[in-house]
Amino acid sequence: MEKVVLNVPSLWADHHVLKVRDVLVALEGVEDVYASSAWKQVLVSFDLAKLEPAAIEKALSEAGYS
């Protein structure tokens with residue numbers, strides 16, 4: 001299992017945290033998501049055999065969180 005920490009400046013409220021979690025948990029290969037509006041960061045644990053880190057960033061960008 002791999003982990004990646006992404007800075008997400010537009011993650012500033014709880015409803016953003018919920019949306020980011022929903023978007024990322026839906027990706028095949030994602031094991032766990034921890035999103036913090038206080039730190040404006042997302043920690044994603046994922047299976048590298050099923051998912052590339054670039055796909056995580058793309059999903060966030062498509063959801064409006066670049």
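Student: Which sign does phi take at Lys-40, in the hairpin of E2 and E3?

Tutor: A positive one, near 55°, in a hairpin with four residues between its strands. Lys-40 is in the loop from E2 to E3, and Lys-40 isn't a glycine. Most residues other than glycine have a negative phi. Bear in mind that this is a predicted model: local features need pLDDT of at least 70, side-chain atom pairs count only at pLDDT 80 or more, and totals for chains, interfaces and linings use all residues. Residues are numbered from 1 along each chain as its sequence is written, and side-chain values use heavy atoms, with hydrogens and water left out.

Student: What makes something a strand or a helix here?

Tutor: DSSP runs: helices are H or I with at least four residues, strands are E with at least two, and both are numbered from the N terminus.

Student: Why is Lys-40 called partly exposed?

Tutor: Buried means under 20% relative accessible area, exposed means over 50%, and partly exposed is what's in between (1.4 Å probe, protein chains only). Lys-40 has 33%, so the middle label applies.

Student: And Val-4, is that buried or exposed?

Tutor: Buried, because its relative accessible area is 18%. Val-4 belongs to strand E1. Leaving out residues up to four places away in sequence, Val-4 touches Val-42, Leu-43, Val-44, Phe-46 and Ile-56, where contact means heavy atoms within 4.5 Å.

Student: Which label does Asp-47 get, and why?

Tutor: Partly exposed, because Asp-47 has 24% relative accessibility. Asp-47 is in the loop between E3 and H2, and with residues up to four places away set aside, Asp-47 touches Gly-29 and Glu-31. Asp-47 and Glu-28 are 19 residues apart in sequence, with their C-alpha atoms 8.7 Å apart.

Student: How do you know that E2 and E3 pair?

Tutor: Two strands pair if DSSP finds at least two bridges between them. E2 and E3 have six, in the antiparallel sense, with Tyr-34 opposite Leu-43 in E3. E1 and E3 also pair antiparallel over six bridges, and Glu-2 has Phe-46 in E3 as its bridge partner.

Student: What is the strand order in the open sheet?

Tutor: E1-E3-E2, three strands with antiparallel pairing. E1 and E2 are the edges: each has a single partner strand, so one side of each has no neighbour in the sheet. Neighbouring strands are turned by 15° against each other on average, ignoring direction. H1 packs on this sheet, touching E2 and E3, and its direction makes about 165° with that of E2. H2 lies across E1 and E3, at about 35° to E1.

Student: Why is H1 called oblique to H2?

Tutor: Start with the geometry: their axes come within 10 Å and cross at roughly 135°. That's what makes H1 oblique to H2. Angles under 35 degrees count as roughly parallel, over 145 as roughly antiparallel, 65 to 115 as roughly perpendicular, and the rest as oblique. Axes are lines fitted to C-alpha atoms, for helices over the stretch in contact, and angles run from 0 to 180 degrees between N-to-C directions.

Student: Which residues meet between H1 and H2?

Tutor: Val-20, Val-23 and Leu-24 from H1 meet Ile-56, Ala-59 and Leu-60 from H2.

Student: What makes a set of residues a nonpolar core?

Tutor: Its members are buried Ala, Val, Leu, Ile, Met, Phe, Trp, Tyr and Cys residues, joined through side-chain atoms within 4.5 Å. The largest one here has 19 residues, and those with the most contacts inside it are Val-20, Leu-24, Val-42, Val-44 and Ile-56. The elements giving two or more residues to this core are E1 (2-7), H1 (14-25), E2 (30-36), E3 (41-46) and H2 (53-62). Leaving aside neighbours within four places in sequence, Val-20 contacts Leu-11, Ala-35, Val-42, Leu-60 and Tyr-65.
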